[in-house]
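Hi everyone, thanks for coming. I'd like to walk you through one protein today, so let me put it up on the screen.

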Amino acid sequence: MKVLLVYPNIVESPKDMSIGLGIISAMLKEKGHKVELIDTTFKVSDDEIIDKVDQFNPDLVAVTAATNDLQNAIRISQIIKETKEVPIICGGYHATVAPKDIIDQDCFDMVAIGESEQSLIKLTKDLNNTKIPNIWFKKGKKITKNEIGKLTEDLDKLPFPDREIFNYQKYIDSNRGLATFMSSKGCPFLCSYCINKVLIDKYKGKGKFLRFRSIDNLMKEMKEVITKYKVKEIEFYDDTFTINKQRLRDFAKRYPKEIGLPFYINARVNAVTKEDFKLLKEAGCVRVSIGIEAGDPYIRNDILKRFQSNKQIIDTFQWAKEEGLRTYSFNMIGVPFETQESIKKTIELNRKVQPDYVGISIFNAFKGTELYDICKKNKWLKDKASASYFQSSNVNHPNFTIKELKKIRDSFGFEVYKNADKKRAYIDLIDKKLTKVPLYTKTRSLLIEKGIKKLIEKWSQ
């Protein structure tokens, strides 16, 4: 069978492949199927989409879609349907949380919910089999809703993602030589803005939600990637990289001997210790990204359900710095019930911890989350989803306009650094202004790699 995969990615930065589609491609190829990909990460014209469909002539089209790129997924699927009458199945997080949103679209014939890799393989054996777990089928007006299947508990049984189909070196080059990996699935925390809670509820009785790959399996994948591609650094996207302490110790012991490249991780306050940071530093970690999200304890704990004190946050950043690690803080603005005073507290908490880098996103409400329901109840939701949580929101905030939030976002870093390091503050301000210039956006990674700080300091002398 010929299967056409579609990755309707609209994220400008950082650019990254879909690990889920990569695994599906690898599984399909193992079964002898022919697989090709439409990837919009680096822009694809409508004519190129049509040409791909005409030339490949697929028997099945499989689309992945997050909430932010769902409209692009629909647009591409409509083009495919107009070009060839072919069954189209759509999966991904939005499909799992809100399958009706997918099945109601004329361009989609099926919805894949949950971890449906094996279900897709079953589908390729018989496109007329409507009793496959994890898949909803639409025939005319009739919809067959099959139950969500069990979780894949042994992640080592999954093949490594097919990076070749994504022209992966292009991704690496666009992201300053960085290759990315996932060493686990799931997260045990129940933040109100994240879909983990709804996923945990959906998978109740279906297997363990938080799962880890073995260190052997992870090392093997990394070795294959750094042998095949030109890689300078590695980043792990796991939400809970440090939560399994024995696994972290095993990783820290083996990584410098077997891989040896600088790497980055995400760490969560109250799920990481100073000893963890020491192990990470010794293993070759150069930066940890840590969520602050909100400096106002009411917003952070009562609204976002993070349940972390200011002291815990300050201590965590301090531990990382004491071990010689650079830090990156995640922050959100435009959270429901947030005020100007709340955001000032977020800036002030960042001033206290002085991260090396600050990231600021604008709050978006995602279906299935507690905060989505709150926004819906208060009639704050816009009709359309936002295309970017850095530039827009699907929430009409009663206290802020989008223009005001973008202005706060652009000056956030300057406010954090202005008292401690004026040059650093102006670097951040200039960077935010230049990111609006297309040419700068394309060359930003290169400038960062070469040392934008040194360049701007030289210009300012």
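**A pocket, a cavity and a few buried residues**

Let's begin at the second largest pocket, which has 14 lining residues; Tyr372, Lys382, Asp383, Lys384 and Ala385 are the ones that lie nearest its centre. Please keep in mind throughout that this is a predicted model. The space in that second largest pocket comes to about 280 Å³. As for the chemistry of its lining, there are 5 nonpolar, 4 polar and 5 charged residues.

Now let me step back to the whole protein. In terms of secondary structure, the protein has 19 helices and 15 strands. Its C-alpha trace spans about 65 × 55 × 45 Å along the principal axes. How does the radius of gyration of the protein fit with a compact globule? For 461 residues, such a globule would come out near 23 Å, and the protein has 22 Å, which agrees. Of the 461 residues, 52% are buried. And if you take the contacts with a separation of 6 or more, 71% of them are between residues 24 or more positions apart.

Next, the enclosed space. How many cavities of 30 Å³ or more turn up in a search of the whole structure? The search finds 1. The largest cavity holds about 30 Å³ of space, and its lining is made up of Lys15, Asp16, Tyr168, Tyr171, Asn175, Leu178, Ala179 and Thr180. Helix H7 (168-174) and strand S8 are the elements that give two or more residues to this lining. Strand S8 has the largest share, with 3 residues. Sorted by type, the lining of the largest cavity has 4 nonpolar, 2 polar and 2 charged residues.

One of those lining residues deserves a closer look: lysine 15. You'll find lysine 15 in the loop between strand S1 (2-7) and helix H1 (19-30). Is lysine 15 buried or exposed? The cut-off for buried is under 20% relative accessible area, and lysine 15 has 19%, so it counts as buried. Setting aside residues up to four places away in sequence, lysine 15 touches Thr41, Phe42, Tyr171, Ser174 and Asn175. Tyr171 and Asn175 also belong to the lining of the largest cavity.

Let's move along strand S8, which is where phenylalanine 181 sits. Phenylalanine 181 is buried, and its relative accessible area is 0%. Which residues does phenylalanine 181 contact, leaving aside neighbours within four places in sequence? They are Arg163, Glu221, Met222, Val225, Ile234, Glu235, Phe236, Tyr237 and Asp238. Here's another pairing for you: isoleucine 19 is 162 residues away from phenylalanine 181 along the chain, with 8.3 Å between their C-alpha atoms.

Last stop, serine 183. Serine 183 is in the loop between strand S8 (178-181) and strand S9 (184-185). Serine 183 is buried too, with a relative accessible area of 0%. What joins the side chains of serine 183 and aspartate 238? A polar contact of 2.6 Å does. Not counting residues up to four places away in sequence, serine 183 touches Phe212, Arg213, Leu218, Asp238, Phe241 and Arg247. You may recall Asp238 from a moment ago, among the contacts of phenylalanine 181.

That's my tour. Thanks for listening, and I'm happy to go back to any of these spots on the screen.

Notes:
Residues numbered from 1 in each chain as written. Predicted model: local features only at pLDDT ≥ 70, side-chain atom pairs only at ≥ 80, totals over all residues. Heavy atoms only, no water. 1 Å grid on protein atoms, 1.4 Å probe; cavity = no way out; pocket = protein on both sides within 12 Å on 5 of 7 lines; lining within 4 Å. Points joined across faces, edges and corners; volume = space filled by probe spheres on them. Nonpolar A, V, L, I, M, F, W, Y, C, P; charged D, E, K, R; others polar. Helix = DSSP H or I, 4+ residues; strand = E, 2+ residues; numbered from the N terminus. Buried < 20%, exposed > 50% of the residue type's maximum accessible area, 1.4 Å probe, protein only. Polar contact = N/O pair within 3.5 Å; in protein donor to acceptor, adjacent residues only side chain to side chain. Contact = heavy atoms within 4.5 Å. Rg over C-alpha atoms; globule rule 2.2 N^0.38 Å.
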